[in-house]
Amino acid sequence: MRITIILVLIAISATTETHLTAIKQLREKTRVTPFSDYFYGMLELHQSSKLGEVVTIVQSMLDKLIAASGANEAEHSAQQANYEQQISKLENTLETTESELSSVNQQINDLSSDLSSLTQSLSFQGQQLLLLSNQITQLNDNHQEEVRAAEEKFNNNSRYLAAVQEVLRFLGDTLLGNTSLIERERAIEAAKQTLGEKHPISIMIQLTSEYDDNTIRRVITKLEGIASNVQERLDAINTSSTNSEQQYLTLRSQFESTYGNLDKDKQFNQRQATAKDNDLASAKRRQQELQELIATSIELLEQTRIAEDNENTSYTSKRSHISEEISIVQSALDLLSQLPAQ
């Protein structure tokens, strides 16, 4: 604008003394500014004999200043609208992000709580499975020991029954038969050689052979009672073993069923814990992203507001300067319009 004024005023010829006096008086009434000094100084330095040309040029200057003021207003309005749009967008983004962060924080708390409960459940289930496993092992060991003891008891009684039956056979077939004394002696000697002289059966045969037939029959009757008792014990052992086996199988089935169900529950909880742990890791990553986005949005919002304030300050200063320049030029124009034409 000052370059325009220079070019305009250089083209203006000198005015009359009346012109100079009026301009000087107007200058004295105007607040001293660099523009007013410059403007009035140039009017005083250049004179013109054609007042109409001066008025036209000053009017042109006023028009340009008014246009510059309008352009300043338009530019400010556009800038203001742009800043308001940016601030509104950033505020919406910040509000949305903070709302999502709040939800993510709650999700993290819920997942952490769920994981804590699942971890406790998994620990308890692991302890229960270990206990059941030990109980199953102990049950198997006890059953094997019972089976071994029953087999040993059964074998001992079977051997005892076989020995009694062998004695009964010898007593009935050899001693009570129509054999001669020589044949009895041969049978006793054969038993000693087969079983050994110190074998209980050999000893019993040796002792019984010295009895008469009636005594031998009484011995046979007692031995038959003993054999019957032994057979009853064998039958009882078989029955007990069968019942024990059934109880063992039933109890083991119950233990294994309980173990299997508990193990399925533990595997399900483990899958749940793995899934929630993955969800927790994802939620924490999202939490970090949102926190960074919030920090960035706050920084951008602050920077935008500072830029808006700077724009308002610049606009206000520029508007003040233009308004003051318009006032000075308008006053000069009013003065020149009141002067008589030459």
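User: Which helix holds N269?
Analyst: Happy to start there. This is a predicted model, and N269 has a place in one of its helices. That helix is α7.

User: Is N269 buried or exposed?
Analyst: The cut-off for buried is under 20% relative accessible area. N269 has a relative accessibility of 14%, so N269 counts as buried.

User: Which residues does N269 contact, leaving aside its neighbours within four places in sequence?
Analyst: Let's stay with N269 in helix α7. With those sequence neighbours set aside, the residues in contact with N269 are L118, S121, L122 and Q125.

User: Is S320 buried, partly exposed or exposed?
Analyst: S320 is another residue of helix α7. Buried means under 20% relative accessible area and exposed means over 50%. The value for S320 is 43%, which lies in between, so S320 is partly exposed.

User: How far apart in space are the C-alpha atoms of S320 and S69?
Analyst: Along the chain, S320 and S69 are 251 residues apart. In space, the separation between their C-alpha atoms is 9.6 Å.

User: Why does K64 count as partly exposed?
Analyst: K64 belongs to helix α4. The partly exposed class sits between the cut-offs of 20% and 50%. K64 falls in this class because its relative accessible area is 43%.

User: What is the C-alpha to C-alpha distance between K64 and I326?
Analyst: In sequence, 262 residues separate K64 and I326. Going from C-alpha to C-alpha in space, the distance is 9.4 Å.

User: Which helices each supply at least two residues of the lining of the largest pocket?
Analyst: The largest pocket holds about 270 Å³ of space. Its lining has 16 residues, and E146, A150, I237, S240 and S241 lie nearest the centre. The helices that each give at least two lining residues are α4 (51–175) and α7 (213–338).

User: How many residues in the lining of the largest pocket are nonpolar, polar and charged?
Analyst: Sorting the lining by class gives three groups. The counts are six nonpolar, five polar and five charged.

User: Which element of the chain has the highest mean pLDDT?
Analyst: The mean pLDDT of the chain is 81, with 73% of residues at 70 or more. Helix α1 (residues 2–11) has the lowest mean among the elements, 38. The highest mean, 91, belongs to α7.

User: Over which residues does pLDDT stay under 50?
Analyst: The model has 37 contacts beyond four places in sequence for this stretch. Where pLDDT is low, predicted coordinates should not be read in detail. The stretch with pLDDT under 50 is residues 1–17.

How values were computed: Residues are numbered from 1 along each chain as its sequence is written. This is a predicted model: local features need pLDDT of at least 70, side-chain atom pairs count only at pLDDT 80 or more; totals for chains, interfaces and linings use all residues. Side-chain values use heavy atoms; hydrogens and water are left out. On a 1 Å grid over the protein atoms alone, a cavity is a set of points where a 1.4 Å probe fits but cannot get out, and a pocket is an open set with protein on both sides within 12 Å along at least five of seven lines; lining residues have an atom within 4 Å of a point. Grid points are joined across faces, edges and corners, and a volume is the space filled by probe spheres set on the points. Helices (H or I, at least four residues) and strands (E, at least two) are DSSP runs, numbered from the N terminus. Ala, Val, Leu, Ile, Met, Phe, Trp, Tyr, Cys and Pro count as nonpolar, Asp, Glu, Lys and Arg as charged, and the others, Gly among them, as polar. Buried means under 20% relative accessible area, exposed over 50%, partly exposed in between (1.4 Å probe, protein chains only). pLDDT is the predictor's confidence in each residue, from 0 to 100. Contact means heavy atoms within 4.5 Å.
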